[in-house]
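Student: I'd like a close look at one part of this protein, taken slowly, with the surroundings filled in afterwards. Could you walk me through it?

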Amino acid sequence: MLRNGLVEFRQISHPSEISARQTRELVECWITVANTGGAVGFAFPPVGPEQVTPVAERLVADLGPQRSRLLLAVVDGALAGWLNLSRHVDPLVAHWGTVNRVQTHPDYRGRGIGAAMMHRVRQIGRDEMRLEQLRLCARGGAGLEDFYARLGWKEIGRWPGALRFGAGDDRDEILMILAPL
């Protein structure tokens, strides 16, 4: 449960809905999480604005109510975490969504914000996007599969040694699903 303040969720479903300040905060959070070992798409820290900003700008540009959304977790006016929920437009797979870039700023960890975001994204997927299941990939060796399992996610497969962080440091990519929503 959250301690020291309540989390407020802000959902962004179109590029025009996110301010320049919010985009800067998102980039700053992403940099901080990546540079403290977070499995958020930048495996080789340190990273800075020159690497993260273009990726964040592409993510924002691709937003659309039925295609991709950002979920921001805000505590006392500060960005405490965020994630991305997307779906493919191909009708063959349009019934499921993918959760990416799940991150909580290190200053806010241990307060239940990550779990609260995952509960909220489940509601958004089910009630607003009419999805039937959610998928995500987690980096092995980081304990992430345990976090997601506590929230009802099931491991459906592993790609052994899919991620190479250095000589002798190969990790599994863990495929997980949440269904039904």
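Student: Which side chains meet in a salt bridge with D127 and R126 as its partners, and what is the N to O distance there? Please start from that spot and then show me the rest.

Tutor: Happy to. Keep in mind that this is a predicted model. The side chains of D127 and R126 meet each other in a salt bridge, at 2.8 Å from N to O. Now, are these two buried or exposed? Neither label fits: D127 has a relative accessible area of 39%, so it counts as partly exposed. R126 has a relative accessible area of 32%, so it is partly exposed too.

That pair belongs to a set, since the structure holds 10 salt bridges. Let's visit some others. R158 and E155 bring their side chains together in a salt bridge of 2.8 Å, N to O. R158 also meets D172 in a salt bridge, this time at 3.1 Å, N to O. The R158 and D172 pair links distant parts of the chain: D172 sits in strand β7 (residues 170–178) and R158 in strand β6 (residues 154–164), 14 residues apart. Put E145 into the picture as well, and you get a network of salt bridges that links E145, E155, R158 and D172. How open are the members we've met? R158 has a relative accessible area of 37%, so it is partly exposed. E155, at 39% relative accessibility, is partly exposed. D172 comes out at 23%, and because buried means under 20%, D172 is partly exposed as well.

Strand β6 gives us a way into the largest pocket, since β6 is among the elements that each supply at least two residues of its lining. The others are β4, α3 (113–128), β5 (133–139) and α4 (144–150). This pocket has a volume of about 820 Å³. Its lining takes in 37 residues, and the ones nearest the centre are A39, V40, V102, L144 and Y148. By type, the lining divides into 20 nonpolar, 10 polar and seven charged residues. β4 gives the most to this lining, with six residues.

Let's stay with β4 for a moment and pick out T104, which lies in that strand. T104 has a relative accessible area of 12%, so unlike the salt-bridge partners above, it counts as buried. What does T104 touch, leaving out residues up to four places away in sequence? Its contacts are V33, A80, G81, R109, I113, G114 and M117.

β4 turns up again at the second largest pocket, where the elements giving two or more lining residues are α2, β3 and β4. Here the volume is about 200 Å³. The lining residues include W30, V55, R58, L59 and D62, along with N100 and R101. α2 gives the most here, with three residues. Sorted by type, this lining has three nonpolar, four polar and four charged residues.

You may have spotted V33 among the contacts of T104 and W30 in the second pocket's lining. Both are on the list of buried residues of helix α1. The full list for α1 is Q22, T23, L26, V27, C29, W30, I31, V33 and A34. An α-helix has 3.6 residues a turn, so residues three or four places apart point the same way. What do the buried residues of α1 pack against? They pack against β1 (7–12), α2 (49–61), β2 (68–75), β3 (78–87) and β4 (96–104).

You can also check the length of α1 yourself. The helix covers residues 20–35, and at 1.5 Å a residue its 16 residues should span 22 Å; the C-alpha atoms at its ends are 22 Å apart, so the two agree. Just past the end of α1, G37 takes a positive phi of about 95°.

One last stop: the empty space inside. The structure holds one cavity of 30 Å³ or more. About 40 Å³ of space lies in the largest cavity. Its lining is made by R10, R21, Q22, E25, L72, V74, G77 and L79. Of the elements, α1 and β2 give two or more residues to that lining, and α1 gives the most, with three. The lining divides into three nonpolar, two polar and three charged residues.

Terms used:
Residues are numbered from 1 along each chain as its sequence is written. This is a predicted model: local features need pLDDT of at least 70, side-chain atom pairs count only at pLDDT 80 or more; totals for chains, interfaces and linings use all residues. Side-chain values use heavy atoms; hydrogens and water are left out. Helices (H or I, at least four residues) and strands (E, at least two) are DSSP runs, numbered from the N terminus. The expected span of a helix is 1.5 Å times one less than its number of residues. Buried means under 20% relative accessible area, exposed over 50%, partly exposed in between (1.4 Å probe, protein chains only). Contact means heavy atoms within 4.5 Å. On a 1 Å grid over the protein atoms alone, a cavity is a set of points where a 1.4 Å probe fits but cannot get out, and a pocket is an open set with protein on both sides within 12 Å along at least five of seven lines; lining residues have an atom within 4 Å of a point. Grid points are joined across faces, edges and corners, and a volume is the space filled by probe spheres set on the points. Ala, Val, Leu, Ile, Met, Phe, Trp, Tyr, Cys and Pro count as nonpolar, Asp, Glu, Lys and Arg as charged, and the others, Gly among them, as polar. A salt bridge is a side-chain nitrogen of Lys or Arg within 4 Å of a carboxyl oxygen of Asp or Glu.
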